[in-house]
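Let us walk through this structure together, one region at a time. Please keep the sequence and the 3D view at hand as you read.

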Amino acid sequence: MNKFICDISQTHPHSIAQAKANMPKEEEVFLLASIFKVLSDPTRVKLLWAMKDQEMCVCDLAAVLNMTKSAISHQLKTMKECHVVKSRRDGKNIFYSLDDQHVTDIISLAKMHVGHTNS
C-alpha cells in the first residue's frame, strides 16, 4: 500500500474549484518556477546569501565563494535574467545586490524553514 495515495477514489469539488480559482496565470507560474530554479542551485544560494545585506562586485563575490570571476558572472547573469539580482555601475565597477526586499524575504524564510525542519 502506498502511504501517499488515498485508500478510496473520491474527489472534493469545492477544494478543486477553490484551487483552480486561485491558480496563477501560466506566465506567472513560469516566472515562479524560474525563481525556484535559481534557488535550486547551491552556488546561487551562497551568492544570494552573500548579497543579502550588502551589494558586492564580482571580484568580492569570487573571493567569498573561492570561484573564478567568470563563473560568478555566469551565475549572476542567470539570476539577473530572473529578476532576483540587479546591478549598478560605479565607474569601472559593477555592484550586484538582491533585486528587492521580496528576494531577501524568500531566502530568509527558506533558511528559517530549514532550521525548523532540522530541529
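A good place to begin is K69, which sits in helix α5. Bear in mind as we go that this is a predicted model. Which residues does K69 touch once its neighbours within four places in sequence are left aside? The contacts of K69 are then V58, C59 and A62. You can also use K69 to get your bearings towards another part of the chain: its C-alpha atom is separated by 13 Å from that of N93, a residue 24 places away along the chain.

Those contacts of K69 lead us to a helix pair. V58, C59 and A62 belong to α4, where they are joined by L61 and L65 in meeting α5. On the α5 side, the residues that take part are K69, I72, S73 and L76. By type, the residues of this contact divide into seven nonpolar, one polar and one charged.

How do the two helices lie relative to each other? Two packed helices are described by the angle between their axes and the distance between the axes. Helix α4 covers residues 58–65 and helix α5 covers residues 69–81, and they pack at an angle of about 110 degrees. Their axes are 9 Å apart. An angle from 65 to 115 degrees counts as roughly perpendicular, and α4 and α5 therefore fall into that class.

Now let us turn to the strands. Strands of a sheet pair through backbone hydrogen bonds, either parallel or antiparallel. Here you will find an open sheet of three strands in the order β1-β3-β2, with antiparallel pairing. The edge strands are β1, at residues 56–57, and β2, and each of them pairs on one side only.

Take the β2 and β3 pair to start with. Strand β2 runs over residues 85–90 and strand β3 over residues 93–98, and six bridges link them in the antiparallel sense. The two strands form a hairpin with two residues between them. In that turn, G91 has a positive phi of about 65 degrees. On the other side of the sheet order, β1 and β3 pair over two bridges, in the antiparallel sense. Y96 in β3 is a handy landmark for both pairings: S87 stands opposite Y96, and M56 stands opposite Y96 as well.

Finally, let us look at the pockets. Rolling a probe the size of a water molecule over the atoms shows where empty space is left. The largest pocket holds about 230 Å³ of space. Its lining consists of 13 residues, and those closest to the centre are L31, I35, C82, H83 and V84. Helices α2 (26–39) and α6 (101–117) each supply at least two residues of this lining, and α2 contributes the largest share, with four residues. The lining of the largest pocket divides into seven nonpolar, three polar and three charged residues.

The second largest pocket has a volume of about 170 Å³. Around it you will find F36, L39, V45, W49, I106, I107, A110, K111 and V114. The elements giving two or more residues to this lining are α2, α3 (42–50) and α6. Which element gives the most to the lining of the second largest pocket? That is α6, with five residues. By type, the lining of the second largest pocket has eight nonpolar residues, no polar ones and one charged.

Terms used:
Residues are numbered from 1 along each chain as its sequence is written. This is a predicted model: local features need pLDDT of at least 70, side-chain atom pairs count only at pLDDT 80 or more; totals for chains, interfaces and linings use all residues. Side-chain values use heavy atoms; hydrogens and water are left out. Axes are lines fitted to C-alpha atoms, for helices over the stretch in contact, and angles run from 0 to 180 degrees between N-to-C directions. Angles under 35 degrees count as roughly parallel, over 145 as roughly antiparallel, 65 to 115 as roughly perpendicular and the rest as oblique. Contact means heavy atoms within 4.5 Å. Ala, Val, Leu, Ile, Met, Phe, Trp, Tyr, Cys and Pro count as nonpolar, Asp, Glu, Lys and Arg as charged, and the others, Gly among them, as polar. Two strands pair if DSSP finds at least two bridges between them. On a 1 Å grid over the protein atoms alone, a cavity is a set of points where a 1.4 Å probe fits but cannot get out, and a pocket is an open set with protein on both sides within 12 Å along at least five of seven lines; lining residues have an atom within 4 Å of a point. Grid points are joined across faces, edges and corners, and a volume is the space filled by probe spheres set on the points.
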